[in-house]
Amino acid sequence: MWERIEKTIKSPEGFFIVFLLALELIFHFTRFGMTGAFILNKVLFAVIVGALIGLAVSVLPKLPGKILSAVFVSVFVLYYLVQLIYSSVFNNFFSLSATGGVADQALDYKSTIFESVIKEIVPFLIFIIILAASLIYIFKFSYFSRHNILFYIIFSAFTATGMFYYVILLSVQGNDNNSPYSVFKTYSSLEMSVQKLGILESMIRDSIYAVQSHGSKGDSLTDTGFDHEALIKAEKVTESDTSSDSVSQDVTEAVTEEVTGEDTGGVTGEVTEESTEETTEEKKVYYAQVLDINLEDMPDITDNSSVLELNSYINSSFPTYSNDYTGMFEGYNLIFITAEGFDGFVIDKKLTPELYKMSTRGFVFKNFYTPLWYGSTLGGEYANTTGLMPKNGGYLSMQKMGAQGNSMPFTLGNELSAEGYNVYAYHNNGYTYYDRHISRPFLGYENYKGVGNGLEYEKNPGGGMMWPQSDAFMEDITFDEYAGNEPFHVYYMTVSGHLQYNFGGNAMSAKNRDKVEDLPYSEKTKAYIACQLEFELMMEQLNEDLERKGIADKTLIVICGDHVPYDDMEIPNELSGMSLDSFESYRNSLIIYSASMENPIKVTKPCSSLDILPTVLNLMGLPYDSRMLVGKDIMSDTPGMVIMPDGSFITEGFRYNAVSGQVTADPGVDVSDTMLESTKSTVANRFRMAAAICELNYYKYVEELMEVN
């Protein structure tokens, strides 16, 4: 008996069960601490997969079996190491389906990756030791031989039973959109999959997805299982309760309601004289922000069931309506900037006077957040420019959009091009990075210049390339290209605020070191501030140039970061002077400013980077369909919501943490189970909507429908 037990332990089945359990538990404890949350899910899955791999290997002759086992061991350890370092750098997880973007990131983050290895040296070495010990064990001590038929039958039954109980285990943990069972069924979020099911399960699902999606446009991969009942319950409650009763739900008709100045939909504080001089006797026409098309005619355009399901969801959604700020900047020039690594906590009256002026004299968004979207910079850009969240895992949405040649009619580049604007885009890094040269034209930026196709790298006195590049230098060499061609729209993607944040490898930090030397912060935080001072200089130059040209009061400037300094979240902690939680770490500043504004406009509703596009479209009086964007016009009376990549969210009454399940209500707010569940379903619907719009190229069908109508 003991001999049989010893053989079982030394068998491939026993080895791989112990091996995968060790990898999964070490990663769990490293990333999520010693908590027992979801750990049983990971343990049971590791046992099942270990048993299956061992069973498959044991069928082979002894030497080939050991060689294949060594290959499996090496691949698994490598994958766990990649996830360890990737998550340390980017605060999310690596996907096999996004290898193109990851290759770019790896080249750009070489020194940061090395630092992360040092930072994670203990678990890194443990994984290396496990690899070495496993290889020695396989070739020196393991017992490899074929089993008898009865063993295979019993062990197969064991693994099948294990899988049955695994599904049961997940199902008893709930079936809402953020439950382990829902994550297992849909694989809608790589981050949630790793947290609740483990690295091993995520690796297998991601590998399958990568194979399925290779060379596919994604039509058959889209999860369009919209919860229409939740749409009726949640969307109607959250979007209609604060709207005037006179606002019709019929999206084809304009509505008329009294302008009293009382219900501002979260817009408070000072407003312009024009908006306060209106009397209650005056009537103002408000209209639904939708396209003049009948979405019910979509079956005449396509019989694609996924497109029709998405279209049905959108057609059932409630639009936003025009408001007192609609067309406030109609006809203005527009400069839109995605600022690399920008965190609003860096704004200071003395250190960054230009940014301080713009953030306090324009629109003042008191509760704005920049979630860390999948793909870091590219994910942040995608949210900023499309009003859609990128898919959380798998492909990089911006790259997929470009590769497929998606129609993107609501982007600022395309909207303003249609209005006769001269449109430009600039980036002071390699123009092909993240395949931007492919995606930019579909955003409306045919005239796109980066380093290598129109812009040059700035060099240091020794003739070497500076890294990162200067944002002020980019503004200086590009301003005259567009300033005389009004009306114009310019999109800048900056790079001065790029990590690493130190004075040895960051040229912008070194350049501005003397300005931060005496600040009461750590070296890393001072280096971060120093490189952001180069962006401050860019804005100082830009506003001066606009004034010099006499067009400052006819130009609207919009600024938002792509992400906070995620590689070291101690930076926002230091800048804010407090220990920020998983929500407040992503609090940021959205700047919408024009020199023509006489008074600041303060907005208290929660909002995020997803809301930038519809808000700017509304401010510039541009036509769009508000049902077809996940983000909402911040100036509308639609209640605000901030959606985080893992399904957590902030509403005007409470916060929900999708990982812990914790609900934190605002004072005086009673969060019912119905309210919570319907809002969770609304958030899940919006994730599905965003992914489906990208994967299915939905706007193409909308444009075809417009031509027919």
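Reader: Where does S179 lie in this structure?

Author: S179 lies in the loop between α8 (149-171) and α9 (180-186), and the model in which it is seen is a predicted one.

Reader: Why is S179 called buried?

Author: The word buried is kept for a relative accessible area under 20%, and S179 has a value of 3%, so S179 counts as buried. Leaving aside residues up to four places away in sequence, S179 touches Q173, G174 and K196.

Reader: What makes K602 partly exposed?

Author: The class of partly exposed residues runs between the 20% limit for buried and the 50% limit for exposed; K602, with a relative accessible area of 29%, therefore belongs to that class. K602 is found in strand β13 (residues 601-603), and its C-alpha atom is separated by 4.6 Å from that of V364, although the two residues are 238 places apart along the chain.

Reader: How do you know that A692 is buried?

Author: A692 has a relative accessible area of 0%, and the limit for buried is under 20%, so the residue is placed in the buried class. Its place is in helix α25 (residues 673-696), and the C-alpha atoms of A692 and S306, which are 386 residues apart along the chain, are separated by 8.1 Å.

Reader: Why can helix α24 be described as largely enclosed by the rest of the structure?

Author: In helix α24 (residues 612-619), 8 of the 8 residues are buried, and the helix is therefore said to be largely enclosed by the rest of the structure. The buried residues of α24 are I612, L613, P614, T615, V616, L617, N618 and L619. Just after α24, G621 takes a positive phi of about 70°.

Reader: What makes strand β7 another largely enclosed element?

Author: The reasoning rests on burial once more, because 8 of the 9 residues of strand β7 (residues 422-430) are buried.

Reader: How do you know that β7 pairs with β9 and with β8?

Author: Two strands pair if there are at least two bridges between them. There are 6 bridges joining β7 to strand β9 (residues 488-493), and these two strands run parallel; in β9, H489 is the bridge partner of V423. There are also 4 bridges joining β7 to strand β8 (residues 448-451), again in a parallel arrangement, and in β8 the partner of Y426 is K449. Both counts, 6 for β9 and 4 for β8, therefore satisfy the requirement of at least two bridges.

Reader: Why are β11 and β14 called edge strands?

Author: The strands belong to an open sheet of 3 strands in the order β11-β6-β14, with mixed pairing. Each of β11 (587-588) and β14 (607-608) pairs on one side only, and this is what the name edge strand expresses. Strand β6 (residues 368-369) is joined to β14 by 2 bridges, and the two run parallel; here Y369 has S608 as its bridge partner in β14.

Reader: What makes the backbone at N91 and at N697 worth a remark?

Author: Most residues other than glycine have a negative phi. Phi of N91 is near 60°, which is a positive value in a residue other than glycine, and phi of N697, near 55°, is likewise positive. N91 is found in the loop between α4 and α5 (99-108), whereas N697 is found in the loop between α25 and α26 (698-708). At 33% relative accessibility, N91 counts as partly exposed, while N697, at 10%, is buried.

Reader: Which peptide bonds leading into P468 and P487 are called cis?

Author: Most peptide bonds are trans, but the bond from W467 to P468 is cis, with omega near -5°, and the bond from E486 to P487 is also cis, with omega near -10°. P468 has its place in the loop between β8 and α20 (471-482), and P487 lies in the loop between α20 and β9.

Reader: Which residues lie nearest the centre of the largest pocket?

Author: The largest pocket, with a volume of about 890 Å³, is lined by 36 residues, and N91, E191, Q195, S582 and Y586 lie nearest its centre. By class, its lining has 13 nonpolar, 13 polar and 10 charged residues.

Notes
Residues are numbered from 1 along each chain as its sequence is written. This is a predicted model: local features need pLDDT of at least 70, side-chain atom pairs count only at pLDDT 80 or more; totals for chains, interfaces and linings use all residues. Side-chain values use heavy atoms; hydrogens and water are left out. On a 1 Å grid over the protein atoms alone, a cavity is a set of points where a 1.4 Å probe fits but cannot get out, and a pocket is an open set with protein on both sides within 12 Å along at least five of seven lines; lining residues have an atom within 4 Å of a point. Grid points are joined across faces, edges and corners, and a volume is the space filled by probe spheres set on the points. Ala, Val, Leu, Ile, Met, Phe, Trp, Tyr, Cys and Pro count as nonpolar, Asp, Glu, Lys and Arg as charged, and the others, Gly among them, as polar. Buried means under 20% relative accessible area, exposed over 50%, partly exposed in between (1.4 Å probe, protein chains only). Contact means heavy atoms within 4.5 Å.
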